[in-house]
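Hi,

Here is the structure I said I would pass on to you. Have a look at it first, and then read my notes underneath.

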Amino acid sequence: IISTLLFVGLLIPFYFYIRHNEVSAQNTLIRKAKNDYYQREFLSAYKTYERLLDTMNFDDERARMNYGNAAFMSSAILKSGFYGSTRQNSPEIPDSVLQQLVVKSQDAYILLTTSKDRKLASQAYNQIGYSAIKSQFGKEGSDSILYQALFNFKQALKKDPRNDSARYNYELIKKIISFP
(Lines give C-alpha, C1' and ligand atoms only; values in the text may rest on other atoms or scores of the structure.)
Protein backbone atom coordinates (compact mmCIF):
# COMPACT_ATOMS: atom_id res chain seq x y z
CA ILE A 1 0.00 0.00 0.00
CA ILE A 2 2.90 2.37 0.70
CA SER A 3 4.33 1.80 -2.77
CA THR A 4 0.92 2.60 -4.29
CA LEU A 5 0.68 5.83 -2.28
CA LEU A 6 4.22 6.74 -3.25
CA PHE A 7 3.43 6.06 -6.91
CA VAL A 8 0.26 8.20 -6.76
CA GLY A 9 2.20 10.88 -4.88
CA LEU A 10 4.72 11.07 -7.73
CA LEU A 11 2.10 10.77 -10.45
CA ILE A 12 0.03 13.80 -9.40
CA PRO A 13 2.85 16.38 -9.66
CA PHE A 14 3.94 14.79 -12.94
CA TYR A 15 0.41 15.19 -14.30
CA PHE A 16 0.32 18.89 -13.35
CA TYR A 17 3.79 19.42 -14.84
CA ILE A 18 2.71 17.91 -18.17
CA ARG A 19 -0.58 19.84 -18.13
CA HIS A 20 1.26 23.11 -17.40
CA ASN A 21 3.58 22.50 -20.36
CA GLU A 22 0.60 21.80 -22.67
CA VAL A 23 -1.15 25.02 -21.62
CA SER A 24 2.08 26.98 -21.97
CA ALA A 25 2.67 25.59 -25.48
CA GLN A 26 -0.94 26.31 -26.42
CA ASN A 27 -0.68 29.91 -25.19
CA THR A 28 2.53 30.40 -27.16
CA LEU A 29 0.85 29.12 -30.33
CA ILE A 30 -2.20 31.35 -29.74
CA ARG A 31 0.02 34.42 -29.48
CA LYS A 32 2.00 33.41 -32.58
CA ALA A 33 -1.13 32.72 -34.62
CA LYS A 34 -2.76 36.02 -33.64
CA ASN A 35 0.43 37.95 -34.31
CA ASP A 36 0.95 36.33 -37.73
CA TYR A 37 -2.70 36.90 -38.62
CA TYR A 38 -2.64 40.60 -37.71
CA GLN A 39 0.72 41.03 -39.45
CA ARG A 40 -0.94 39.60 -42.58
CA GLU A 41 1.37 36.57 -42.61
CA PHE A 42 -1.61 34.41 -43.52
CA LEU A 43 0.16 31.19 -44.50
CA SER A 44 2.07 31.11 -41.22
CA ALA A 45 -1.11 31.98 -39.28
CA TYR A 46 -3.01 29.24 -41.14
CA LYS A 47 -0.40 26.63 -40.23
CA THR A 48 -0.30 27.73 -36.59
CA TYR A 49 -4.10 27.80 -36.25
CA GLU A 50 -4.25 24.39 -37.91
CA ARG A 51 -1.85 23.00 -35.33
CA LEU A 52 -3.85 24.59 -32.50
CA LEU A 53 -7.23 23.37 -33.70
CA ASP A 54 -6.27 19.93 -34.99
CA THR A 55 -3.28 18.77 -32.99
CA MET A 56 -3.80 20.53 -29.68
CA ASN A 57 -7.62 20.27 -29.75
CA PHE A 58 -7.99 23.98 -29.02
CA ASP A 59 -11.70 24.69 -29.42
CA ASP A 60 -12.31 28.40 -29.91
CA GLU A 61 -14.71 29.83 -32.48
CA ARG A 62 -12.77 33.06 -33.03
CA ALA A 63 -9.62 31.04 -33.67
CA ARG A 64 -11.58 28.88 -36.13
CA MET A 65 -12.77 32.02 -37.97
CA ASN A 66 -9.20 33.33 -38.18
CA TYR A 67 -8.09 29.87 -39.37
CA GLY A 68 -10.68 29.94 -42.15
CA ASN A 69 -9.78 33.49 -43.12
CA ALA A 70 -6.05 32.72 -43.08
CA ALA A 71 -6.59 29.65 -45.29
CA PHE A 72 -8.69 31.63 -47.76
CA MET A 73 -6.28 34.58 -47.86
CA SER A 74 -3.31 32.22 -48.26
CA SER A 75 -4.94 30.66 -51.33
CA ALA A 76 -5.68 34.10 -52.80
CA ILE A 77 -2.15 35.36 -52.19
CA LEU A 78 -0.48 32.21 -53.48
CA LYS A 79 -2.73 32.16 -56.55
CA SER A 80 -1.85 35.74 -57.43
CA GLY A 81 1.88 35.14 -56.98
CA PHE A 82 2.10 38.23 -54.80
CA TYR A 83 3.14 38.33 -51.22
CA GLY A 84 3.11 41.76 -49.68
CA SER A 85 4.10 44.22 -52.37
CA THR A 86 6.49 42.04 -54.36
CA ARG A 87 5.94 39.21 -56.81
CA GLN A 88 7.42 35.94 -55.66
CA ASN A 89 9.91 34.17 -57.90
CA SER A 90 8.74 30.77 -56.79
CA PRO A 91 7.40 27.85 -58.81
CA GLU A 92 3.73 27.96 -59.66
CA ILE A 93 1.57 26.33 -57.02
CA PRO A 94 -0.77 23.61 -58.31
CA ASP A 95 -4.47 24.46 -58.36
CA SER A 96 -5.15 21.40 -56.21
CA VAL A 97 -3.14 22.90 -53.34
CA LEU A 98 -4.90 26.24 -53.69
CA GLN A 99 -8.28 24.51 -53.84
CA GLN A 100 -7.42 22.54 -50.71
CA LEU A 101 -6.88 25.82 -48.85
CA VAL A 102 -10.26 27.09 -50.07
CA VAL A 103 -11.92 23.85 -48.93
CA LYS A 104 -10.28 24.16 -45.50
CA SER A 105 -11.62 27.70 -45.19
CA GLN A 106 -15.10 26.63 -46.29
CA ASP A 107 -15.09 23.77 -43.76
CA ALA A 108 -14.15 26.17 -40.96
CA TYR A 109 -16.90 28.59 -41.95
CA ILE A 110 -19.51 25.84 -42.21
CA LEU A 111 -18.75 24.75 -38.65
CA LEU A 112 -19.23 28.32 -37.48
CA THR A 113 -22.67 28.77 -39.08
CA THR A 114 -24.16 26.92 -36.10
CA SER A 115 -22.45 29.12 -33.54
CA LYS A 116 -24.57 30.46 -30.69
CA ASP A 117 -22.83 33.78 -31.33
CA ARG A 118 -25.18 35.10 -34.03
CA LYS A 119 -22.70 37.75 -35.17
CA LEU A 120 -19.99 35.12 -35.70
CA ALA A 121 -22.45 32.81 -37.49
CA SER A 122 -23.44 35.73 -39.72
CA GLN A 123 -19.80 36.43 -40.54
CA ALA A 124 -19.32 32.75 -41.38
CA TYR A 125 -22.25 32.72 -43.80
CA ASN A 126 -20.95 35.92 -45.40
CA GLN A 127 -17.49 34.39 -45.81
CA ILE A 128 -18.93 31.23 -47.36
CA GLY A 129 -20.70 33.30 -50.00
CA TYR A 130 -17.75 35.59 -50.60
CA SER A 131 -15.15 32.84 -50.87
CA ALA A 132 -17.37 30.79 -53.18
CA ILE A 133 -17.64 33.73 -55.55
CA LYS A 134 -13.94 34.61 -55.37
CA SER A 135 -12.77 31.06 -55.94
CA GLN A 136 -15.35 29.88 -58.49
CA PHE A 137 -16.63 32.90 -60.42
CA GLY A 138 -15.95 32.79 -64.14
CA LYS A 139 -15.78 29.00 -64.15
CA GLU A 140 -18.46 26.70 -65.46
CA GLY A 141 -21.58 26.85 -63.31
CA SER A 142 -21.06 30.47 -62.23
CA ASP A 143 -24.79 31.11 -62.14
CA SER A 144 -25.37 28.42 -59.56
CA ILE A 145 -22.47 29.85 -57.52
CA LEU A 146 -24.18 33.25 -57.56
CA TYR A 147 -27.46 31.77 -56.32
CA GLN A 148 -25.63 29.81 -53.67
CA ALA A 149 -23.76 32.94 -52.57
CA LEU A 150 -27.01 34.92 -52.51
CA PHE A 151 -28.51 32.28 -50.22
CA ASN A 152 -25.50 32.50 -47.88
CA PHE A 153 -25.61 36.30 -47.77
CA LYS A 154 -29.33 36.10 -46.92
CA GLN A 155 -28.57 33.60 -44.13
CA ALA A 156 -25.92 35.99 -42.84
CA LEU A 157 -28.49 38.77 -42.68
CA LYS A 158 -30.97 36.52 -40.87
CA LYS A 159 -28.34 35.79 -38.22
CA ASP A 160 -27.30 39.44 -37.89
CA PRO A 161 -29.34 42.09 -39.74
CA ARG A 162 -26.63 44.67 -38.93
CA ASN A 163 -23.98 42.84 -40.96
CA ASP A 164 -23.31 45.59 -43.51
CA SER A 165 -20.85 43.50 -45.48
CA ALA A 166 -23.43 40.75 -45.97
CA ARG A 167 -26.06 43.37 -46.90
CA TYR A 168 -23.77 44.92 -49.52
CA ASN A 169 -22.85 41.49 -50.93
CA TYR A 170 -26.49 40.40 -51.00
CA GLU A 171 -27.64 43.53 -52.83
CA LEU A 172 -24.74 43.39 -55.30
CA ILE A 173 -25.27 39.73 -56.20
CA LYS A 174 -29.02 40.24 -56.45
CA LYS A 175 -28.38 43.03 -59.01
CA ILE A 176 -25.93 40.86 -60.94
CA ILE A 177 -28.41 37.99 -61.10
CA SER A 178 -31.27 40.21 -62.27
CA PHE A 179 -29.11 41.98 -64.87
CA PRO A 180 -30.23 40.92 -68.39
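Below is what I found, going helix by helix and then contact by contact.

Before you start, keep in mind that this is a predicted model.

**Helix H2 and its two ends**

A good place to begin is helix H2, which covers residues 42-55. This helix has 14 residues, and from its first C-alpha to its last it reaches 19 Å. At 1.5 Å a residue you would expect 20 Å, so the span comes out close to that.

Which residues of H2 are buried? They are Phe 42, Ala 45, Tyr 46, Thr 48, Tyr 49, Leu 52 and Leu 53. Keep Phe 42 and Tyr 46 in mind, since both come back further down when we get to the rings.

Now look at the loops on either side. Arg 40 sits in the loop between helix H1 (2-38) and H2. Its phi is near 65°, which is a positive value in a residue other than glycine. Is Arg 40 buried or exposed? With 56% relative accessibility, Arg 40 counts as exposed, because the cut-off for exposed is over 50%.

On the other side, H2 is followed by Asn 57, which lies in the loop between H2 and helix H3 (61-80). Asn 57 is not a glycine, yet its phi is positive too, near 55°. Asn 57 has a relative accessibility of 60%, so this residue counts as exposed.

**Rings that pair up**

How many aromatic pairs are there? The count comes to 4. One of them joins Tyr 37 and Phe 42: the ring centres are 5.7 Å apart and the planes stand at 80°, so this pair is edge-to-face. Both Tyr 37 and Phe 42 are buried.

Compare that with the pair made by Tyr 46 and Tyr 67. Here the ring centres are 5.4 Å apart and the planes are at 15°, so the pair is stacked. Tyr 46 belongs to helix H2 and Tyr 67 to helix H3, so to speak two distant parts of the chain, 21 residues apart, linked by one pair. Tyr 46 is buried, and Tyr 67 is buried as well.

There is also a small group to pick out on your screen: ring pairs link Tyr 37, Tyr 38 and Phe 42 into a cluster.

**Salt bridges**

The structure holds 4 salt bridges, and I will walk you through some of them.

Start with Asp 36 and Lys 32, whose closest N and O atoms are 2.7 Å apart. Why are these two about one helical turn from each other? Because they are 4 residues apart in helix H1. Asp 36 has 10% relative accessibility, so this residue counts as buried, while Lys 32, at 37%, counts as partly exposed.

Next come Glu 50 and Lys 104, whose side chains meet in a salt bridge with 3.3 Å from N to O. Glu 50 is in helix H2 and Lys 104 is in helix H4 (residues 95-112), so this pair ties together parts that are 54 residues apart in sequence. Glu 50 is partly exposed, with a relative accessible area of 21%. Lys 104 counts as partly exposed too, at 24%.

The side chains of Arg 62 and Asp 117 also meet in a salt bridge, with 2.8 Å from N to O. Arg 62 lies in helix H3, and Asp 117 lies in the loop between H4 and helix H5 (118-136), so the pair ties together parts that are 55 residues apart in sequence. At 46% relative accessibility, Arg 62 counts as partly exposed, and so does Asp 117 at 27%.

**A nonpolar patch**

Last, turn to the surface. Which residues form a nonpolar patch there? They are Tyr 168, Leu 172 and Ile 176, with about 290 Å² of accessible area together. Tyr 168 lies in helix H7 (residues 164-178). With 54% relative accessibility, Tyr 168 counts as exposed.

Best wishes

Definitions and conventions
Residues numbered from 1 in each chain as written. Predicted model: local features only at pLDDT ≥ 70, side-chain atom pairs only at ≥ 80, totals over all residues. Heavy atoms only, no water. Patch = residues over 30% accessible without salt bridge, like charges linked within 9 Å, V, L, I, M, F, W, Y side chains within 5 Å. Areas by Shrake-Rupley, 256 points an atom, 1.4 Å probe, with all protein chains shown as cover. Buried < 20%, exposed > 50% of the residue type's maximum accessible area, 1.4 Å probe, protein only. Phe/Tyr/Trp six-rings, centres within 6.5 Å; stacked < 30°, edge-to-face > 60°.
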